[in-house]
Amino acid sequence: MEIIECVPNFSTADPKVVELILSELKKVKNAYLLDCTFDDYYNRLVVSFVGNRKSVVEVALAMAFKALELIDMRNHKGQHPRIGAVDVVPFIPIRHVSMGTCVELAKKFGKTLSEKGDVPVYLYGEAAVKPERHDLDWIREGEYERLAEMMVRPERKPDFGSASFNPKAGATVAGARKVMTGFNVNLGSGDLKVAKKIAKALHAKKGGLSNVKAMAALIPEKNVTQIGMNISDYEKTPLYRVFELLKLECARYNLPILGAEFCGMAPLKAIIDVAAYYLKIDNLTEDRVLEIAVQNMMGKGGAFE
């Protein structure tokens, strides 16, 4: 059975809007919600669901059209980079499906959303048609506030739709990528300037670790800052290595680490790597996890009589 994950990000934290967007998933057969998170300081909704190649596109489009109906980017403020109401929609191969299939799904989604939703769409990640567009940060340069100016540049023409600015919807980025780890860490200080220095030290393009994107955000109600990170390849850049560098930078500024959280679903192997490192466990692999071993046995036809 093929399994594809889709993780659409929407520019809203309004509970009523969130509920209406999520309700679209319940209407589609063979699609299952895994997780959703939203908060006021990012003003962003991140949804994770799985399905087959038919259901994931159907749900992603239904959610996107509902978001376009309900979200007005002219009123949107948030600390997370974004260019549209339906900001980014990646398709991720999980089981019995290729990256190439996910690329085709991203293109199908993008073309349909552009034509029926009147939204300019860019392709990123493995679906990018130009090398620079592989990078989401390149596409988001200037964010929503400079989108009208950026889109009309010849090198920034959308992959689907015209370069006409849609002030209510903004633009959307669709693509295909590997499973990544979203990891957020809260620091015991409300000093955003210091938090940005720490994020810079972690971010790959700013001198940090490869495969890591990091940003700093303020959580006003708690008077703390958060380092939000995406680790695009947790096998090449393990989570424990990221956390150790973060600890080093926090010590430099005498800041305590209050706690951490995963944003979205956490890959089991990333967690196993952390356990093996900190507990100094030799030869800890997925097949030595009880639940995984049982699942594998059942998948091979094992049963009790």
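Which residues have the most contacts inside the largest nonpolar core? I began my entries here, keeping in mind that this is a predicted model.

**Entry on the cores.** I found that the largest nonpolar core has 44 residues, and that those with the most contacts inside it are Phe10, Ile21, Phe49, Met63, Ile71, Phe91 and Phe109. I then looked up which elements supply at least two residues each to this core, and noted the helices α1 (15-23), α2 (53-70) and α3 (99-117) together with the strands β1 (3-6), β4 (44-51), β5 (86-95), β6 (121-125) and β7 (172-176). The element that gives the most to this core is α2, with 9 residues. Taking Ile21 as one of the residues with the most contacts in the core, I listed what it touches once residues up to four places away in sequence are not counted: Phe10, Thr12, Leu45, Met63, Lys66, Ala67 and Ile71. Apart from the largest core I noted another, of 23 residues, among them Val194, Leu239, Cys250 and Leu255.

**Entry on a helix pair.** I turned next to α6 (residues 192-202) and α7 (residues 239-252), whose axes come within 10 Å and cross at roughly 145°. I recorded the crossing of α6 and α7 as right-handed. On the α6 side the contact is made by Ile198, Ala201 and Leu202, while α7 brings Val242, Leu245, Leu246, Glu249 and Cys250. Sorting the residues of this contact by character, I got 7 nonpolar, no polar and 1 charged.

**Entry on the cysteines.** Searching the whole structure for disulfides, I found 0. Why does Cys6 not form a bond with the closest cysteine? The closest cysteine sulfur to that of Cys6 is in Cys102, at 9.3 Å, which is too far for a bond, since a disulfide needs the two sulfur atoms within 2.5 Å. I also noted that Cys6 is buried, its relative accessible area being 0%. For Cys263 the closest cysteine sulfur is in Cys36, and because the distance is 11 Å, this pair too is too far apart for a bond. Cys263, with a relative accessible area of 30%, is partly exposed.

**Entry on a loop residue.** Is Ile281 buried or partly exposed? I located Ile281 in the loop between α8 (268-279) and α9 (290-299), and its relative accessibility of 34% makes it count as partly exposed, because buried would require under 20%. Leaving aside neighbours within four places in sequence, I found Ile281 in contact with Ala275 and Ala276.

Terms used
Residues numbered from 1 in each chain as written. Predicted model: local features only at pLDDT ≥ 70, side-chain atom pairs only at ≥ 80, totals over all residues. Heavy atoms only, no water. Axes fitted to C-alpha atoms, helices over the stretch in contact; angles between N-to-C directions. Helix = DSSP H or I, 4+ residues; strand = E, 2+ residues; numbered from the N terminus. Left-handed = near helix turned anticlockwise from the far one by under 90°. Contact = heavy atoms within 4.5 Å. Nonpolar A, V, L, I, M, F, W, Y, C, P; charged D, E, K, R; others polar. Buried < 20%, exposed > 50% of the residue type's maximum accessible area, 1.4 Å probe, protein only. Core = buried A, V, L, I, M, F, W, Y, C linked by side-chain atoms within 4.5 Å.
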